[in-house]
Amino acid sequence: MATETRQRQADRSRGTRRKLMEATVECLVELGWSGTTTTVVAERAGVSRGAQLHHFRTRGELVAAAVEHLGAESVLHLKERAARLNGDSPEERIPAVVELIADFYASDLFTAALELWVAARTDAELKTVVVPLEVRLGRETHRLAVELLAADEAKPGVREAVQITLDLVRGLALANQLTDDGKRRKRIVRHWAQMLEAAL
C-alpha cells in the first residue's frame, strides 16, 4: 500500500514537472522571455505557484529544464523520422537528412532556446545555467547529425562539413523568426546537401 502511494505521488510529481515544462516552452514561443514569468507558466500549466516553486526555484531553472526537456523529445522525434529513411541511397538520404535537421531547427525548440540564449547574454545568473545546456544540446545535435548522415569524421574535412551544416540550418532558422523563410530555406538546403554529399 505504501509503495503504491509513493508511486502515485512520484507519477503526479513527474506529471506536474512535465506540465510546467510544456507550458514554459509555449510561453517562450508565444510571449518571449520577458512574458515568461513563473506566475504565467504556473497558470498555463494549471498548477499552484507553490507546486511550481517546489519543482523549480527560479525562472532560469524552469526555462532551462523546459528547453532541455523539449530538446530531448525533439531529438527522439528526429531519430524516429530519420529511421524511416534507412533504405534510401546516399544520393536520396543526405538531402532528406539535411532537410530533417533544418526542420528540427525551424521548430519551437529553436524559438524557445533562442529566447533563452538572448536573455542569458546579459543575465549572468541565467548564463551559468544556459552555457552548460547549450554545450550539451550542441554536442548531442552534432553527434546525431554525424549518425544520421553516416559521416566518417576520421576523414579530413568531414567534421567541419557536419558543423557547417548545423551552423547553416541554425542561421536559416534564425532568418525564419521574423518572416516565413520556408521557400528560400528549402532551396538553400537542397543546394547545400549536394555540396555536403561531395564532402562526405
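Arg-18 is a fair place to start in this predicted model: with a relative accessible area of 38%, Arg-18 is partly exposed. Its partner in a salt bridge is Glu-73, and the closest N and O atoms of the two sit 2.4 Å apart. The pair links distant parts of the chain, since Arg-18 belongs to helix H1 (residues 2–35) and Glu-73 to helix H4 (residues 59–83), 55 residues apart. Glu-73 comes out at 32% relative accessibility, so Glu-73 counts as partly exposed too.

That pairing is part of a wider search. Across the whole structure, 13 salt bridges turn up. As a general point, side chains of opposite charge can pair when their charged atoms come close.

Another of these contacts brings together the side chains of Glu-99 and Lys-186, with 3.5 Å from N to O. Glu-99 sits in helix H5 (residues 90–105) and Lys-186 in helix H9 (residues 182–199), so this salt bridge ties together parts of the chain that are 87 residues apart in sequence. As for exposure, Glu-99 has 33% relative accessibility and therefore counts as partly exposed. Lys-186 is partly exposed as well, at a relative accessible area of 43%.

Next come Asp-181 and Arg-184, whose side chains meet in a salt bridge at 2.8 Å, N to O. Here the two partners fall into separate classes. Asp-181 is buried, because its relative accessible area is 13% and the cut-off for buried is under 20%. Arg-184, on the other hand, has a relative accessible area of 34% and is partly exposed. Salt bridges can also share partners, and in this way Arg-18, Glu-22 and Glu-73 are joined into one network. The Arg-18 and Glu-73 pair described at the start is thus part of a group that also takes in Glu-22.

Away from the salt bridges, His-55 gives a view of a buried position. His-55 is found in helix H3, which covers residues 49–55. Its relative accessibility is 15%, so His-55 counts as buried, given that buried means under 20%. Which residues does His-55 touch, leaving aside those up to four places away in sequence? They are Ser-13, Thr-16, Arg-17 and Leu-20. His-55 and Asp-181 can be read side by side on this score: His-55 is buried at 15%, and Asp-181 is buried at 13%.

Terms used: Residues are numbered from 1 along each chain as its sequence is written. This is a predicted model: local features need pLDDT of at least 70, side-chain atom pairs count only at pLDDT 80 or more; totals for chains, interfaces and linings use all residues. Side-chain values use heavy atoms; hydrogens and water are left out. Helices (H or I, at least four residues) and strands (E, at least two) are DSSP runs, numbered from the N terminus. Buried means under 20% relative accessible area, exposed over 50%, partly exposed in between (1.4 Å probe, protein chains only). Contact means heavy atoms within 4.5 Å. A salt bridge is a side-chain nitrogen of Lys or Arg within 4 Å of a carboxyl oxygen of Asp or Glu.
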